[in-house]
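Work through the following exercises with the sequence and the model side by side, and try each task before you read its solution.

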Amino acid sequence: MVKLTMIARVTDGLPLAEGLDDGRDIKDAEFYKQQVKALFKNLSRGQNEASRMSIETGPYVFHYIIEGRVCYLTMCDRAYPKKLAFQYLEDLKSEFERANGTQIETVARPYAFIKFDTFIQKTKKLYQDTHTQRNIAKLNDELYEVHQIMTRNVQEVLGVGEKLDQVSQMSSRLTSESRIYADKARDLNRQALIRKWAPVAIVLGVVFLLFWIKTKL
């Protein structure tokens, strides 16, 4: 069964719409929603750029498609047919683009298209029972194949982002430490120059002072 549905802008991970009633029958629903948000964040960084992918997480699977800089994602039971999951997303994509396509790039607030939930709920009902004649026909439709869509594990996918975060933090720390080292090196060079030329400056100062006194007498 379809458990969760979320739509987000890929460029910045901004959530645009979701199924408002989704997750009520799922234990730890908030945990899986956090995973989805982490995935959107990764996608906004240009990671996991496959336009279609399935990601296994616990007893469920995330399926997503990316089209027109928008990610359409659903979470289903592992036993739910992959083909139906992606056709469900295709239906959402077609309607979302038709209804909101001109505004997708300009909205700034999260869930700007929350009213799209009405279409999500209506469409989800059509896909819930895999044994209906309609869905059996879709499963037998050879025009839409999903065999080549990659399936990965959520730890593997989100772990990439975590590792890149660590590399980024390490790089920032090294850059900061390099600046500190450079500042210290300049201070040491300055102190060395002072120690080297201070005696000469003192001698010249004394000579100049004596010459000045002599000229005044």
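**Exercise 1: Helix 3**

Task: List the buried residues of helix 3, find what they pack against, and check the span of the helix.

Solution: Begin with the list, keeping in mind that this is a predicted model. In helix 3, the buried residues are Asp117, Phe119, Ile120, Gln121, Thr123, Lys124 and Tyr127. Next, look at what surrounds them: the buried residues of this helix pack against strand 1 (2-9) and strand 2 (15-18), and also against helix 2 (82-100) and helix 4 (133-139). Finally, check the span: helix 3 covers residues 117-128, which is 12 residues, so at 1.5 Å a residue it should span 16 Å, and its end C-alpha atoms are indeed 16 Å apart. The expected value uses one less than the number of residues.

**Exercise 2: Helix 1 and what follows**

Task: Compare the reach of helix 1 with the expected value, name its buried residues, and describe Gly46.

Solution: Helix 1 runs over residues 29-44 and has 16 residues. From its first C-alpha to its last it reaches 23 Å, close to the 22 Å expected at 1.5 Å a residue. The buried residues in helix 1 are Ala29, Tyr32, Lys33, Gln35, Val36, Leu39, Phe40, Asn42 and Leu43. Just after this helix comes Gly46, which takes a positive phi of about 85 degrees.

**Exercise 3: Two residues to classify**

Task: Decide whether Glu90 is buried or exposed, and do the same for Phe208.

Solution: Take Glu90 first, which is found in helix 2. Its relative accessibility is 16%, and because buried means under 20%, Glu90 counts as buried. The side chain of Glu90 is joined to that of Arg52 by a polar contact of 2.7 Å. Now turn to Phe208, which lies in helix 5 (residues 154-216). Its relative accessible area is 58%, and because exposed means over 50%, Phe208 is exposed. Phe208 also belongs to a nonpolar patch on the surface, together with Ile202, Val206, Leu209, Leu210, Trp212 and Ile213, and the patch has about 720 Å² of accessible area in total.

**Exercise 4: The whole chain**

Task: Give the number of helices and strands, their order, and the share of buried residues.

Solution: The protein chain has 5 helices and 6 strands, and from the N terminus on its elements run β-β-α-β-β-β-α-α-α-β-α. Of its 217 residues, 39% are buried. The accessible surface comes to about 13,500 Å², and carbon and sulfur atoms account for 58% of that surface.

Notes. Residues numbered from 1 in each chain as written. Predicted model: local features only at pLDDT ≥ 70, side-chain atom pairs only at ≥ 80, totals over all residues. Heavy atoms only, no water. Patch = residues over 30% accessible without salt bridge, like charges linked within 9 Å, V, L, I, M, F, W, Y side chains within 5 Å. Areas by Shrake-Rupley, 256 points an atom, 1.4 Å probe, with all protein chains shown as cover. Salt bridge = Lys/Arg side-chain N within 4 Å of Asp/Glu carboxyl O. Helix = DSSP H or I, 4+ residues; strand = E, 2+ residues; numbered from the N terminus. Buried < 20%, exposed > 50% of the residue type's maximum accessible area, 1.4 Å probe, protein only. Contact = heavy atoms within 4.5 Å. Polar contact = N/O pair within 3.5 Å; in protein donor to acceptor, adjacent residues only side chain to side chain.
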